[in-house]
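Got the viewer open? Keep the selection tool handy, and we'll walk through this one stop at a time.

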Amino acid sequence: MCKIIIIASGKGGTGKTTAAANIGAALAVRGKLTAVVDMDMGLRNLDIVLGLESSIVYDISDVIEGTCSLDEALVKDGRYENLYFVPAPQTRGMVAFEEEKVRRVWEQLKSRFEYCIVDAPAGLQGGFLYASMCADRAIIVTLPYLTALRDADRTISVLEDMNISDIRVVINRVRADMIDKGIMMNMDDCVDMLQIPVIGIIPDDEELIISSLKSEIAVSNEKSAAGKAFCNIAARILGEEVPIIDFDEKEGFLRRIRKVLGK
């Protein structure tokens, strides 16, 4: 049975779209038929992160309104046998859709794919509600800063009110040196604030930036520590026991990560 997983943050700039692209690609690499769906109406960027911007003809709003079929809107990623993409509209902002029409599109996706990874827009209204209305799970992407964690905490509350109980967090752009200097919040404090399980910790990684600038996906970059971390997240989604990668030579930092993930 297909699982719809919403990737959310509550605020922009946390790396949510990059996470959606990499988690979707990592699941596809593991043989799972996967659709990555952009629900950020009018502000789409997932197509650029995936490197598929020139392949778009129709978008998710066209499918919802019946202008085209789901097959016509789906974009096949030629690099990954099992990866497909449904874009959001680029110039059309958030409009009101009939909820039943939106639900029908999610049901179509569930009948076709094993996993749907949904890039939700920032904020908690409109497109966020459409993105999450049929979600089975949620992954919150946040940063180890108080402002981002507070927004993440609010997002968790909204998702819980929508009866989404399987919620995990990804802590992104972690730097051991800044934690040790007391500049960045440590992982224990992040977990204490959010009170939900951690599914992944992503190191601040120059190779991830390089991949993004080239419209490439980090999970295919063997040099990328962040790419390896996203692959581990995909493995945990599939229920696998995954050892923690030592992203830093400082043993204390590695111990903290293992403690947070319960490994």
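Where is S224 found? Select it and look: S224 sits in the loop between α10 and α11, with α11 covering residues 225-237. One thing to keep in mind as we go is that this is a predicted model.

**Stop 1: around S224**

Is S224 buried or exposed? Its relative accessibility is 0%, so S224 counts as buried. Now show what touches S224, skipping residues up to four places away in sequence: you should get D205, E207, L208 and A218. For a sense of distance, add T34 to your selection. S224 and T34 are 190 residues apart along the chain, and their C-alpha atoms are separated by 22 Å.

**Stop 2: T14 and its surroundings**

Jump to T14, in the loop between β1 (3-8) and α1 (16-29). T14 is buried, at a relative accessible area of 2%. Leaving out residues up to four places away in sequence, T14 touches S9, V141, T142, L143, N172 and R173. Zoom in on the T14 side chain and you can draw a distance of 3.3 Å from it to the backbone oxygen of V141. Then try Q108: T14 and Q108 are 94 residues apart in sequence, with 30 Å between their C-alpha atoms.

From the T14 contacts, pick T142 next. T142 belongs to strand β6, residues 137-142. T142 counts as buried because its relative accessibility is 0%. What is T142 in contact with, once neighbours within four places in sequence are left aside? The list runs T14, A148, L149, A152, V169, V170, I171, N172 and L194.

**Stop 3: the largest pocket**

Turn on a surface and look for the largest pocket, with a volume of about 360 Å³. Its lining takes in 20 residues, and those nearest the centre are G15, K16, T17, T18 and R173. Colour α1, β7 and α10 (206-213), since these are the elements that give two or more residues to that lining.

Stay with R173 for a moment. R173 is in strand β7, residues 166-174. Check its backbone angles: R173 has a positive phi of about 55°, although it is not a glycine. R173 is partly exposed, with a relative accessible area of 36%.

Another non-glycine with a positive phi is Q195, at about 60°. Find Q195 in the loop between α9 (187-194) and β8 (198-203). Q195 is exposed, with a relative accessible area of 61%.

**Stop 4: D119**

Go to strand β5, residues 115-119, and select D119. Buried or exposed: which is D119? D119 is buried, because its relative accessible area is 1% and the cut-off for buried is under 20%. With neighbours within four places in sequence left aside, D119 is in contact with I7, K16, T17, A20, V37, D38, M39, D40 and L46. Two of those names, K16 and T17, may ring a bell: they are among the residues nearest the centre of the largest pocket.

**Stop 5: the nonpolar cores**

Nonpolar side chains tend to be buried together in soluble globular proteins. How many residues does the largest nonpolar core have here? The count is 53, and V37, M39, W106 and L109 have the most contacts inside this core. Colour helix α7 (residues 146-161) too, as that helix gives the most to the core, with five residues.

Select L109 to see its surroundings. Skipping neighbours within four places in sequence, L109 is in contact with C2, A35, V37, L70, V86 and C116. Apart from this core lies another one, of 37 residues, with A25, L50, I56 and I199 among them.

**Last stop: the cysteines**

Now display the cysteine sulfurs. How many disulfides does the count come to? Zero. Take C68: it is in no disulfide, and the nearest cysteine sulfur, in C116, is 16 Å away. C68 counts as buried, at 8% relative accessibility. Then move to C134, whose sulfur is 10 Å from the closest cysteine sulfur, again that of C116, so the two are too far apart for a bond. C134 counts as buried as well, at 13% relative accessibility.

Methods. Residues are numbered from 1 along each chain as its sequence is written. This is a predicted model: local features need pLDDT of at least 70, side-chain atom pairs count only at pLDDT 80 or more; totals for chains, interfaces and linings use all residues. Side-chain values use heavy atoms; hydrogens and water are left out. A nonpolar core is a set of buried Ala, Val, Leu, Ile, Met, Phe, Trp, Tyr and Cys residues joined through side-chain atoms within 4.5 Å. Buried means under 20% relative accessible area, exposed over 50%, partly exposed in between (1.4 Å probe, protein chains only). Helices (H or I, at least four residues) and strands (E, at least two) are DSSP runs, numbered from the N terminus. Contact means heavy atoms within 4.5 Å. A disulfide is a pair of cysteine sulfur atoms within 2.5 Å. A polar contact is a pair of N or O atoms within 3.5 Å; within protein, one must be able to donate a hydrogen and the other to accept it, and residues adjacent in sequence count only if both atoms are side-chain atoms. On a 1 Å grid over the protein atoms alone, a cavity is a set of points where a 1.4 Å probe fits but cannot get out, and a pocket is an open set with protein on both sides within 12 Å along at least five of seven lines; lining residues have an atom within 4 Å of a point. Grid points are joined across faces, edges and corners, and a volume is the space filled by probe spheres set on the points.
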